[in-house]
Amino acid sequence: MRVLIDTSVWIDYFKSGANSSGLDGLLDDNLVVINNIILAELVPFLALKKQYKVIELLNNITLLPLQIDWAEIIGWQTMCLSNGHNGVGIPDLLIAQNSKQQNCKIYSLDKHFHLLNKVIEDIQLFA
């Protein structure tokens, strides 16, 4: 199954890899996918650091198309709020929706995805 790698994993991987050790195997097995939200979070920082080779490598990963269902996003955010999860941002909800639509798992170090997984059954996390 394909795995959508969240920004938090990429940042850890680029810095030390201490918490993202599973990424190497996923890359080797060609299971990694990305979307434009994650690229938009990563590429500007990498460009400022002149990490053009890394940007090129990220741009060569299979890109998932985004098909935003705003009614579903609003419903999920309402469910999060009603369960006391006030810090889940729209980008995380969009990433979660994208993974659901594309039937792939999310690999994240961000606690928000673990909260989403408790509230929304359709979210699959890579462990």
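**Figure 1. Surface and overall fold of the predicted protein chain.** About 7,000 Å² of accessible surface belongs to the protein chain, and 54% of this comes from carbon and sulfur atoms; accessible areas follow the Shrake-Rupley method with a 1.4 Å probe, and for residues only the protein chains shown count as cover. The model is predicted, so local features need pLDDT of at least 70 and side-chain atom pairs count only at pLDDT 80 or more, whereas totals for chains, interfaces and linings use all residues. Residues are numbered from 1 along each chain as its sequence is written, and side-chain values use heavy atoms, with hydrogens and water left out. The protein chain contains 7 helices and 4 strands, arranged along the sequence as β-α-α-β-α-α-β-α-α-β-α. Helices (H or I, at least four residues) and strands (E, at least two) are DSSP runs numbered from the N terminus. Along the principal axes, the C-alpha atoms fill a box of roughly 45 × 25 × 25 Å.

**Figure 2. Close-up of isoleucine 38 in helix α3.** Isoleucine 38 has 0% relative accessibility and therefore counts as buried (under 20% relative accessible area; exposed is over 50%, partly exposed in between; 1.4 Å probe, protein chains only). Of the 127 residues of the protein chain, 42% are classed as buried. Beyond its neighbours within four places in sequence, isoleucine 38 contacts Leu4, Ile5, Asp6, Thr7, Trp10 and Ile95, where contact means heavy atoms within 4.5 Å. Tryptophan 10 lies 28 residues from isoleucine 38 in sequence, with a C-alpha to C-alpha distance of 9.3 Å.

**Figure 3. Close-up of the largest pocket.** This pocket encloses about 190 Å³ of space. On a 1 Å grid over the protein atoms alone, a pocket is an open set of points with protein on both sides within 12 Å along at least five of seven lines, a cavity is a set where a 1.4 Å probe fits but cannot get out, and lining residues have an atom within 4 Å of a point. Grid points are joined across faces, edges and corners, and a volume is the space filled by probe spheres set on the points. The lining residues of the largest pocket are Thr7, Ile11, Phe14, Lys15, Glu41, Leu42, Phe45, Leu46, Lys49, Gln51 and Val54. Helices α1 (7-15) and α3 (36-48) are the elements that each give two or more residues to this lining.

**Figure 4. Close-up of the largest cavity.** The structure holds 1 cavity of 30 Å³ or more, and the volume of the largest cavity is about 30 Å³. Leu66, Gln67, Ile68, Leu94, Gln97, Asn98 and Gln101 line the largest cavity.
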